[in-house]
Amino acid sequence: MAQSLHKQKYTILTLFLFLFLLHGESQKFSRNLSSKTLGFKKQKISHLHFYFHDIVSGDQATAFRVAQSTITNTSSTGFGFMAMMDNPLTVGPERTSKMVGRAQGFYASADLRESALLMVMNYVFSEGKYNGSTLSILGRNAVFTTVREMPIVGGSGIFRFARGYVLAKTQFFNITNGDTVVEYDVYVQHY
């Protein structure tokens, strides 16, 4: 009888240990995957070229100030202002040029010493094979520098797992109303 009770305890303990290990295995935080498992092909590098229209004036405005700090109006850099945007992206520098997508997000003055913006935006494409795909940009834009570089931090659709950078060059700035056209060259690595 004592041996039978000992065997039962041993069997229950073994079963409990097995269930504990089985449950612990199913609750793993992470695991390694291969690119092939996810269906990824060889990575490509694409170059996109378009114009960004930041329209802050008139009935057709696409960017609006949504916040400011207590020092925005007295700061030489407009420190602390924030604007939300839904700006057109076009093939050419004219507003009437064919639209290929929109830049959606915000920019904010983030430097007390020079005019530099924190840019947080998604390029939402609506043309050709890129239709429905996005690229996410997060970076510093020193607006009076001739060419500014900002990183691509991700994407979706055809740009899933994207990385790369964008180069921004101001093509036109209306000092009277603030409307701006920026040329973008986008270099993106993706699957």
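**Exercise 1. Lys-169 and its partner**

Task: Decide whether Lys-169 is buried, partly exposed or exposed, and find which residue its side chain meets in a salt bridge.

Solution. Step 1: Lys-169 has a relative accessibility of 26%, so it counts as partly exposed. The structure is a predicted model, and the values here are computed from it.

Step 2: The side chain of Lys-169 forms a salt bridge with that of Asp-185, with 3.6 Å from N to O.

Step 3: Lys-169 belongs to strand β8 and Asp-185 to strand β9, so this pair ties together parts that are 16 residues apart in sequence.

Step 4: Asp-185 has a relative accessibility of 9% and therefore counts as buried. The cut-off for buried is under 20%.

**Exercise 2. Salt bridges between loops**

Task: State how many salt bridges a search of the whole structure finds, then place the partners of the Asp-179 and Arg-95 pair along the chain.

Solution. Step 1: The search gives six salt bridges.

Step 2: In one of them, the side chains of Asp-179 and Arg-95 meet at 2.9 Å, N to O. Asp-179 is in the loop between β8 (163–173) and β9 (180–190), while Arg-95 is in the loop between β3 and β4 (99–109). The two residues are 84 residues apart, and the pair links distant parts of the chain.

Step 3: Compare the accessibility of the partners. Asp-179 has a relative accessible area of 7%, so it is buried. Arg-95 has 48%, so it is partly exposed.

Step 4: Lys-98 and Glu-127 also meet through their side chains in a salt bridge, at 3.0 Å, N to O. Lys-98 is in the loop between β3 and β4, and Glu-127 is in the loop between β5 (116–125) and β6, 29 residues apart. Glu-127 is partly exposed, because its relative accessibility is 30%.

Step 5: A network of salt bridges links Asp-111, Glu-114 and Arg-140.

**Exercise 3. Two buried polar residues**

Task: For Asn-141 and Thr-72, find the element that holds each residue and the polar contacts of each side chain.

Solution. Step 1: Asn-141 is part of strand β6 (residues 134–142). Its relative accessibility is 4%, so Asn-141 counts as buried.

Step 2: The side chain of Asn-141 makes a polar contact of 2.8 Å with the side chain of Arg-148. Arg-148 is also among the residues that Asn-141 touches beyond four places in sequence, and others include Ser-115, Leu-117 and Met-150.

Step 3: The C-alpha atoms of Asn-141 and Ala-168 are 8.4 Å apart, although 27 residues separate the two along the chain.

Step 4: Thr-72 sits in the loop between β2 (63–67) and β3 (82–90). A relative accessible area of 5% means that Thr-72 is buried.

Step 5: A polar atom of the Thr-72 side chain lies 2.8 Å from the backbone nitrogen of Ser-69. The Thr-72 side chain also reaches the backbone oxygen of Phe-79, at 2.7 Å. Beyond four places in sequence, Thr-72 touches Arg-65, Gly-78, Phe-79, Gly-80 and Phe-81.

**Exercise 4. Nonpolar residues inside and at the surface**

Task: Find which members of the largest nonpolar core touch the most other members, and which residues form a nonpolar patch on the surface.

Solution. Step 1: The largest nonpolar core has 29 residues, and Tyr-123, Leu-135, Tyr-184 and Val-186 touch the most other members.

Step 2: Two or more core residues come from each of β1, β3, β4, β5, β6, β7 (148–156), β8 and β9. Strand β5 gives the largest share, five residues.

Step 3: Take Tyr-123 as an example. Leaving aside neighbours within four places, its contacts include Phe-50, Leu-89, Leu-135, Ile-137, Val-166, Tyr-184 and Val-186.

Step 4: In soluble globular proteins, nonpolar side chains tend to be buried together.

Step 5: Now turn to the surface. Leu-33, Leu-38 and Phe-161 form a nonpolar patch there, with about 300 Å² of accessible area together. Leu-33 is in the loop between α1 (2–26) and β1 (44–54). With a relative accessible area of 45%, Leu-33 is partly exposed.

Key. Residues numbered from 1 in each chain as written. Predicted model: local features only at pLDDT ≥ 70, side-chain atom pairs only at ≥ 80, totals over all residues. Heavy atoms only, no water. Helix = DSSP H or I, 4+ residues; strand = E, 2+ residues; numbered from the N terminus. Buried < 20%, exposed > 50% of the residue type's maximum accessible area, 1.4 Å probe, protein only. Polar contact = N/O pair within 3.5 Å; in protein donor to acceptor, adjacent residues only side chain to side chain. Contact = heavy atoms within 4.5 Å. Salt bridge = Lys/Arg side-chain N within 4 Å of Asp/Glu carboxyl O. Patch = residues over 30% accessible without salt bridge, like charges linked within 9 Å, V, L, I, M, F, W, Y side chains within 5 Å. Areas by Shrake-Rupley, 256 points an atom, 1.4 Å probe, with all protein chains shown as cover. Core = buried A, V, L, I, M, F, W, Y, C linked by side-chain atoms within 4.5 Å.
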